[in-house]
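Biologist: Please show me the two chains, and then I will put some questions about them.

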Amino acid sequence: MADVTVDAKGLNCPLPILRAKKALKDVPAGGTMEVLATDPGSAADFEAFCRTTGNTLVENSVDDGVYRYLIKNTA
Amino acid sequence: MSDALENAKSMSIIVTKGTLDWAYPPFILGTTAAAMGVNVSMFFTFYGLTLLKKDLDLKISTLGNPAMQMPMMGMHMAMPNVVSMIPGVDRAATTMMKNLIKKKGVASIEDLREAAVESDIEMIACQMTMDLFEFEKGEMIDGIKLGGAATYMENALKSDINLYI
């Protein structure tokens, strides 16, 4: 179970990233955050976000149009 | 703020346009960059200055946007410049765009601007444009700075990315 879940379904660029970044503040170091999104562009964007900020994208999956990202706070 | 310091990258954006469509690129890039730990400074000049007004009433102009295509009933409607002369067309295009924005889950400019303020983006209003178009600082949102070309240049010279939009 992730420490924080962000429901960004139905939101378009750049809102999923902005919501995730805001919620990441409440994730303890080493903790995880789950982000749910329906924006197909978010797949590339969350990879880029994690690479740039030094957080770890533990999981990146899509099921029935819902993208799920599990991000570990390692920044 | 801690990751902002670690990353230590910075970006400046000159914002020159104040229509609803052109308001998006600077605010999307600015807020996203800030979310990625980049220090962002936005310099609002000429028509971009209106994006700092407390009351936003942004509109689309079909004039000068000959490539604009609005989705409509499964097709795309072209917006040739000549239709801009017809009264009500720009208002209709603005309404269509605002409906699309809502329907597609795209952020409003008001929301993005609020995100920009929250993420400590430095927003500078061009003093010369304020004088030229007779704007008062009281009409603008709180937390902005006033400055001129030298203020921008100082930021730009130490920034990793400088954009003109």
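**Questions on the predicted model**

Modeller: To begin with one residue of this predicted model, A:A8 touches A:L15, A:P16, A:R19, A:V35, A:L36 and A:A37, leaving aside residues up to four places away in sequence.

Biologist: In which strand does A:A8 lie, and is A:A8 buried or exposed?

Modeller: A:A8 has its place in strand β1 of chain A, residues 4-8. A residue needs 20 or more other C-beta atoms within 10 Å to count as buried. A:A8 has 22 of them, so A:A8 is buried.

Biologist: What distance separates the C-alpha atoms of A:A8 and A:I71?

Modeller: Along the chain, A:A8 and A:I71 are 63 residues apart. In space, their C-alpha atoms are separated by 14 Å.

Biologist: Which two residues does the cis peptide bond join?

Modeller: One partner, A:P14, lies in the loop between β1 and α1 of chain A. Omega of the bond is about 0 degrees. The residues joined by this cis peptide bond are A:C13 and A:P14.

Biologist: In what order do the elements of chain A run from the N terminus on?

Modeller: The secondary structure of chain A comes to two helices and four strands. Read from the N terminus, the order is β-α-β-α-β-β.

Biologist: What is the radius of gyration of chain A?

Modeller: The C-alpha atoms of chain A fill a box of roughly 30 × 25 × 20 Å along the principal axes. For 75 residues the globule rule gives 11 Å, and chain A is close to that value, so chain A is as compact as a globular protein of that length. The radius of gyration of chain A is 11 Å.

Biologist: What share of the residues in chain A is buried?

Modeller: Among contacts in chain A with a separation of 6 or more, 54% are between residues 24 or more positions apart. Of the 75 residues in chain A, the buried share is 35%.

Biologist: How many helices and strands does chain B have?

Modeller: From the N terminus on, the elements of chain B run α-β-α-β-β-β-α-α-β-α-β-α-β. The count for chain B is six helices and seven strands.

Biologist: What radius of gyration does chain B have?

Modeller: The box filled by the C-alpha atoms of chain B is roughly 50 × 35 × 25 Å, taken along the principal axes. A compact globule of 165 residues would have a radius of gyration near 15 Å, and the value for chain B agrees with this. That value is 17 Å.

Biologist: What share of the 165 residues in chain B is buried?

Modeller: In chain B, 72% of the contacts between residues at least 6 apart in sequence join residues at least 24 apart. Buried residues make up 31% of chain B.

Biologist: Which element gives the most to the side of chain B that touches chain A?

Modeller: Across the interface, twelve residues of chain B are in contact with 13 residues of chain A. By class, the chain B side has six nonpolar, four polar and two charged residues. With four residues, the element that gives the most to this side is α2(B).

Biologist: Are α1(A) and α2(B) roughly parallel or roughly antiparallel to each other?

Modeller: Helix α1 of chain A (residues 15-24) and helix α2 of chain B (residues 20-35) pack with their axes 9 Å apart, at an angle of about 30 degrees. Angles under 35 degrees count as roughly parallel. Therefore α1(A) and α2(B) are roughly parallel.

Biologist: Is the crossing of α1(A) and α2(B) left-handed or right-handed?

Modeller: The crossing of α1(A) and α2(B) is left-handed.

Biologist: Which residues of α1(A) and α2(B) make the contact?

Modeller: On α1(A) the contact is made by A:I17, A:L18 and A:K21, and on α2(B) by B:T31, B:T32 and B:A35. By class, the residues of this contact are three nonpolar, two polar and one charged.

Biologist: Is B:D120 partly exposed or buried?

Modeller: B:D120 lies in the loop between α4 (109-118) and β5 (122-126) of chain B. Though not a glycine, B:D120 has a positive phi of about 60 degrees. With 13 other C-beta atoms within 10 Å, B:D120 is partly exposed.

Biologist: Does B:E134 count as exposed or buried?

Modeller: B:E134 lies in the loop between α5 (127-132) and β6 (145-147) of chain B. Phi of B:E134 is near 55 degrees, a positive value in a residue other than glycine. A residue with 12 or fewer other C-beta atoms within 10 Å is exposed. B:E134 has 7 such neighbours, so B:E134 counts as exposed.

Notes. Residues numbered from 1 in each chain as written. Chains lettered and ligands numbered in written order. Predicted model: local features only at pLDDT ≥ 70, side-chain atom pairs only at ≥ 80, totals over all residues. Axes fitted to C-alpha atoms, helices over the stretch in contact; angles between N-to-C directions. Parallel < 35°, antiparallel > 145°, perpendicular 65-115°, else oblique. Left-handed = near helix turned anticlockwise from the far one by under 90°. Contact = placed C-beta atoms within 7 Å. Nonpolar A, V, L, I, M, F, W, Y, C, P; charged D, E, K, R; others polar. Rg over C-alpha atoms; globule rule 2.2 N^0.38 Å.
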